[in-house]
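Got your viewer open? Load the model, switch to a cartoon view and keep the selection tool handy. We'll go stop by stop.

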Amino acid sequence: MSTPQPIAEITPTEFVARRQRGDVLTLLDVREAWELGVASVPADQQAVHIPMGEVAERIGELDQSKEVAVLCRSGRRSLEVAKYLQQNGFRTVNVAGGILAWSRELDATIPTY
């Protein structure tokens, strides 16, 4: 049995830079709907929203051929989801620091609830 690979992490700044240079990544936001109402990434980043508790039943909505960058509030839930997706054949990265880091690094108008 193979040992699972550690989950790579990227900062929000690195994520945006990769998208800008043409990398195809799915941004998966695993926060709850109410959290999106408080703080969301800009619409031009085209995040897919599947709350953490629904990922297992909605995994078919994700394209396994694309790398998935997983985002939550601080990076803890997203790390767990990234591990789960990796175990199910996806290439994943965790967005380190979550929406809190996104606000700090890229857009201070995003609330840090």
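Start with the aromatic rings: the structure holds 1 aromatic pair. Select Phe15 and Trp102 and show their side chains. The ring centres are 6.0 Å apart and the planes sit at 50°, so this pair counts as tilted. Now look at where the two partners come from: Phe15 is in helix α1 and Trp102 in helix α5, 87 residues apart, so the pair links distant parts of the chain. Keep in mind as you click around that this is a predicted model.

Are these two rings buried or exposed? Turn on a surface to check. Phe15 is buried, with a relative accessible area of 0%, and Trp102 is buried too, at 2%.

**Zoom out for a moment**

Go back to the cartoon and colour by secondary structure. The protein chain has 5 helices and 5 strands. Trace the chain along its sequence and you'll meet them in the pattern β-α-β-α-β-α-β-α-β-α. The C-alpha trace spans about 45 × 30 × 20 Å along its principal axes. For 113 residues, a compact globule would have a radius of gyration near 13 Å, and the protein chain agrees, with 13 Å. Of those 113 residues, 39% count as buried. Contacts reach across the sequence as well: among those between residues at least 6 apart, 66% join residues at least 24 apart.

**Next stop: strand β4**

Select residues 67-71, which make up strand β4. All the way along, 5 of the 5 residues are buried, so the strand is largely enclosed by the rest of the structure. Which way do the side chains go? Glu67, Ala69 and Leu71 point one way, Val68 and Val70 the other. That is a pattern to look for elsewhere: in a regular strand the side chains alternate between the two faces of the sheet.

Now add the neighbours of β4. Strand β2, residues 25-29, pairs with β4 in the parallel sense over 5 bridges. Two of the partnerships are easy to pick out: Leu28 has Val70 as its bridge partner, and Asp29 has Leu71. Strand β5, residues 92-95, also pairs with β4 in the parallel sense, over 3 bridges. Here Val70 stands opposite Asn94. To see how the chain gets from β4 to β5, show helix α4, residues 76-87: β4, α4 and β5 make a right-handed β-α-β unit.

**Slide over to β2**

Strand β2 is mostly covered, with 5 of its 5 residues buried. Leu25, Leu27 and Asp29 lie on one side, with Thr26 and Leu28 on the other. β2 has another parallel partner to show: strand β3, residues 48-49, joined to β2 by 2 bridges. Find Leu28 again and you'll see Val48 of β3 standing opposite.

**Into the core**

What fills the space around those rings? In soluble globular proteins, nonpolar side chains tend to be buried together. In this structure the largest nonpolar core has 14 residues, and Phe15, Leu27, Val41, Ala69, Leu71, Ile99 and Trp102 touch the most other members. Show them as spheres. Helices α1 and α5 and strands β2, β4 and β5 each supply at least two residues of this core. Apart from it lies another core, of 13 residues, among them Leu28, Val55, Val68 and Phe90.

Which residues does Leu71 touch, leaving out those up to four places away in sequence? Select Leu71 and show its surroundings: the list includes Leu27, Val41, Val95, Ile99 and Trp102, along with Asp29 and Ser78.

**Last stop: helix α5**

Finish on residues 98-105, helix α5. Of its 8 residues, 6 are buried, so the helix is largely enclosed by the rest of the structure. The buried ones are Gly98, Ile99, Leu100, Ala101, Trp102 and Ser103, and the buried residues of α5 pack against α1, β2, β4 and β5.

Now click on Ser103, which is found in this helix. Ser103 is buried, with a relative accessible area of 6%. Leaving aside neighbours within four places in sequence, Ser103 is in contact with Ala108, Ile110 and Thr112. Add those three to your selection, and the tour is done.

Note on methods
Residues are numbered from 1 along each chain as its sequence is written. This is a predicted model: local features need pLDDT of at least 70, side-chain atom pairs count only at pLDDT 80 or more; totals for chains, interfaces and linings use all residues. Side-chain values use heavy atoms; hydrogens and water are left out. Buried means under 20% relative accessible area, exposed over 50%, partly exposed in between (1.4 Å probe, protein chains only). Helices (H or I, at least four residues) and strands (E, at least two) are DSSP runs, numbered from the N terminus. Two strands pair if DSSP finds at least two bridges between them. A crossover is right-handed if, with the strands pointing away from the viewer, the path from the first strand over the helix to the second runs clockwise. A nonpolar core is a set of buried Ala, Val, Leu, Ile, Met, Phe, Trp, Tyr and Cys residues joined through side-chain atoms within 4.5 Å. Contact means heavy atoms within 4.5 Å. Rings of Phe, Tyr and Trp (its six-membered ring) pair if their centres lie within 6.5 Å; planes under 30 degrees apart count as stacked, over 60 as edge-to-face and the rest as tilted. The radius of gyration is taken over C-alpha atoms; the globule rule is 2.2 Å times the number of residues to the power 0.38.
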